Amino acid sequence: AETLDAVERHPGSTAYQLASHMSWNIRYSGDWEDFPMQQRVFAVGETRAHLEYLLHRGRAARDEANGVYYYYPGK
């Protein structure tokens, strides 16, 4: 639900950008850029898994440009 909400609020975003708009259960203070790099990698991977789930159910769509995927709400 949180991934779908992020896609709906930020259409045309990458998985990295969407991950920055989601909540994560680790201790850190500050912005997404202050998030530990290893945790960002994990968060983006988790976000991509949720995006794949939404894509297969028609709840999200994506476009590709120059090897980068951009996500949108499904139709």
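A helix here is a DSSP run of H or I at least four residues long, with helices numbered from the N terminus. Keep that in mind as you click around, and remember that the model on your screen is a predicted one.

**Stop 1: Thr3**

Start by selecting Thr3, which sits in helix α1. Buried or exposed: which word fits Thr3? Thr3 counts as buried because its relative accessibility is 5%, and the cut-off for buried is under 20%. Now show what surrounds Thr3. Setting aside neighbours within four places in sequence, you'll find Met22, Thr47, His50, Leu51 and Leu54 in contact with Thr3. For a distance to try in your viewer, pick the C-alpha atoms of Thr3 and Glu46: they are 43 residues apart along the chain, with 9.9 Å between them.

**Stop 2: Thr47**

One of the contacts of Thr3 was Thr47, so hop over there next. Thr47 belongs to helix α3. Thr47 has a relative accessible area of 0%, so it is buried. Which backbone oxygen does the side chain of Thr47 reach? It's the one of Ala43, at 2.8 Å. Leaving out neighbours within four places in sequence, Thr47 is in contact with Thr3, Ala15, Leu18, Ala19, Met22 and Trp24. Two names in that list, Leu18 and Trp24, come up again at the next stops.

**Stop 3: the nonpolar core**

Select Leu18, Trp24, Trp32, Leu51 and Tyr71 together. In the largest nonpolar core, which has 13 residues, these five touch the most other members. Which helices each supply at least two residues of this core? They are α1 (2-9), α2 (15-19) and α3 (37-56). As a bit of background, nonpolar side chains in soluble globular proteins tend to be buried together.

Zoom in on Leu18. Not counting residues up to four places away in sequence, Leu18 touches Ala6, Val7, His10, Ser13, Thr47, Leu51 and Tyr71.

**Stop 4: Trp24**

Next, pick Trp24, another member of that group of five. Trp24 is found in the loop between α2 and α3. Its side chain reaches the backbone oxygen of Ala19 at 3.0 Å. A polar atom of the Trp24 side chain also lies 3.5 Å from the backbone oxygen of Met22. With residues up to four places away in sequence not counted, Trp24 touches Ala19, Trp32, Phe35, Ala43, Glu46 and Thr47. Try another C-alpha distance while you're here: Trp24 and Gln39 are 15 residues apart along the chain and separated by 9.3 Å.

**Stop 5: two arginines in α3**

Stay with helix α3 and select Arg40, which is part of it. Arg40 counts as buried because its relative accessibility is 11%. Look for Tyr16: a polar contact of 3.0 Å joins its side chain to that of Arg40. Apart from neighbours within four places in sequence, the residues in contact with Arg40 are Tyr16, Trp32, Glu33 and Phe35.

Now compare Arg48, also in helix α3. With a relative accessibility of 44%, Arg48 counts as partly exposed. From Arg48, draw a C-alpha to C-alpha line to Arg59: the two are 11 residues apart in sequence and 14 Å apart in space.

**Stop 6: the β hairpin**

Move on to the strands. Select residues 60-65, strand β1, and residues 68-73, strand β2. How many bridges do β1 and β2 pair over, and in which sense? They pair over six bridges in the antiparallel sense. To see who faces whom, highlight Ala61, which stands opposite Tyr72 in β2, and then Ala65, which stands opposite Val68 in β2. A handy general point: side chains in a regular strand alternate between the two faces of the sheet.

Stay on the hairpin and find Arg62 and Tyr69. The charged end of Arg62 sits over the ring of Tyr69, 4.1 Å from the ring's centre.

**Last stop: Asn66**

Finally, select Asn66 in the loop between β1 and β2. This hairpin has two residues between its strands. What is notable about the phi of Asn66? It is positive, about 55°, although Asn66 is not a glycine. For context, most residues other than glycine have a negative phi. Asn66 counts as exposed because its relative accessibility is 82%, and the cut-off for exposed is over 50%.

Notes. Residues are numbered from 1 along each chain as its sequence is written. This is a predicted model: local features need pLDDT of at least 70, side-chain atom pairs count only at pLDDT 80 or more; totals for chains, interfaces and linings use all residues. Side-chain values use heavy atoms; hydrogens and water are left out. Two strands pair if DSSP finds at least two bridges between them. A nonpolar core is a set of buried Ala, Val, Leu, Ile, Met, Phe, Trp, Tyr and Cys residues joined through side-chain atoms within 4.5 Å. Buried means under 20% relative accessible area, exposed over 50%, partly exposed in between (1.4 Å probe, protein chains only). Contact means heavy atoms within 4.5 Å. A polar contact is a pair of N or O atoms within 3.5 Å; within protein, one must be able to donate a hydrogen and the other to accept it, and residues adjacent in sequence count only if both atoms are side-chain atoms. A charge sits over a ring if NZ of Lys or CZ of Arg is within 6 Å of the ring centre and within 35 degrees of the ring normal.
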